[in-house]
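Here are a few short exercises to work through with the model open beside you. Try each one before reading its solution.

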Amino acid sequence: MHPRYSPVEWSFNTNIYEVNVRQYTEEGTFRAFAREMPRLRKMGIDVLWFMPITPISKKLRIGSLGSYYACSDYTDINPEFGTIQDFRELVQQAHALGFKVIIDWVANHTGWDHKWTISNPGYYKKNVAGEFYDSNNWHDVIDLNYYDHGMRRAMIDAMKFWVVESDIDGFRCDMAHLVPLDFWRQARNAMDAVKPLFWLAETEHASYHAVFDASYAWNWMHQTETFCKGKINLPALLDVLKNYELNFPPNALKLYFTTNHDENSWNGTEYEKYEEAALPFAVFSCTWNGIPLIYSGQEMPNMKRIKFFEKDPIEWNGNYELEDFYRKLLNLRNRNPALRGGDTNAIAMIINAGDPNHVFAYLRKLLEKEVLVILNLSAIPQEVDFQDQHVRGVFNDVFREIKTEFDNSTVLQILPWEYLVFEKT
């Protein structure tokens, strides 16, 4: 990582909850979402990531409401959600509850009727006919021109606007690798002068960790789905984690998830993709070396695909069946330094404990603190033994609150798709 940048201290043990404001409540406003924040804080959520809060372009809009990612003004609020003052108050309320707040930043493109298309058309790429265009087959947006230094300054000023005006704590940068890395360095330098922020890149390009604190584990997510469809075995899946270790800086934070707004809307819910493996992989996301992401409604759980361009509220049923599941995992993560992501002193060690084609077991360790995770990623019961010398001592089962002493004679039976999480006492 670039020596001038170090992640904010709170990011090492944090977690992120993605807020889809439009679909979160019937009202689809900041004020309506604010009612949910005490519940989420009690569940253990640390960071609220708001999908883009800026107004949506009307020209070539897809659907009746359009995509959040087709911005018409970087320094204004989507009127669906409320006002800038409503957002300021939401951030203040979030901070008072102990949350951090990050916003989605879409720097590669805008919508077709962004105000810059009139005031500063040179801010955009143009084809040989002198027309705006998009190079990624996204019909409702047009690409910005990062050779234009005036545009860069305007973009940085727009980002700074939200830090100064609303006191946000960081940015989730959409398709970060489509924007030149040197721009992100400029932006981070400018923001660091105002306030230390958390920087999350939607990318798998390791080079972007020269500026960003965290990046997406897209490949892991895709390969877990491939594994669940029986197209690769468990050792091949775990090679993804080994490649992350080899190809990313040792203190790089990876974002792990089983769903998000894109996955849910376009590829299906985590239950469509993973079926019985959904919860074991959610446990992994919360306990491996990285940062877990939880999407709106996963705590219910949400079993439907949410429409992207229309009003399609989450169908809350008043029950939060997985709230306790997430609370136990997130509280464990918060209190136990062995689960610190991106800490080069915190070890993430895959251990031999059963059939390597079906059992995924690993130990997280920092000094005397240890967390043991065992996942049965198969539809058959498995026997797990602990001749592996790394697992020794008394551990508490985080979900069942039963103590177990591990030595070389310990043998456990684990049910199909079961997950066990132990914390050393």
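**Exercise 1. Work out whether Cys286 is buried or exposed, then look for disulfides.**

Step 1. Cys286 has 2% relative accessibility, so it counts as buried (under 20% relative accessible area is buried, over 50% exposed, in between partly exposed, with a 1.4 Å probe and protein chains only). A quick note on the ground rules: this is a predicted model, where local features need pLDDT of at least 70, side-chain atom pairs count only at pLDDT 80 or more, and totals for chains, interfaces and linings use all residues. Residues are numbered from 1 along each chain as its sequence is written, and side-chain values use heavy atoms, with hydrogens and water left out.

Step 2. Now find a partner: the closest cysteine sulfur to that of Cys286 is in Cys228, 17 Å away, which is too far for a bond. The cut-off for a disulfide is a pair of cysteine sulfur atoms within 2.5 Å.

Step 3. Tally up: the count comes to zero disulfides. Cys228 is in none, with the sulfur of Cys286 as its nearest cysteine sulfur. At 26% relative accessibility, Cys228 is partly exposed.

**Exercise 2. Describe the surroundings of Arg22.**

Step 1. Place it: Arg22 sits in helix H1, residues 21–24 (a helix is a DSSP run of H or I, at least four residues, numbered from the N terminus).

Step 2. Check accessibility: Arg22 comes out at 0%, so it's buried.

Step 3. Look at the side chain: one of its polar atoms lies 3.2 Å from the backbone oxygen of Gly66, and the backbone oxygen of Leu65 is 3.5 Å from a polar atom of the Arg22 side chain.

Note on methods. Helices (H or I, at least four residues) and strands (E, at least two) are DSSP runs, numbered from the N terminus. A polar contact is a pair of N or O atoms within 3.5 Å; within protein, one must be able to donate a hydrogen and the other to accept it, and residues adjacent in sequence count only if both atoms are side-chain atoms. Contact means heavy atoms within 4.5 Å. Lists of a residue's contacts leave out its neighbours within four places in sequence.
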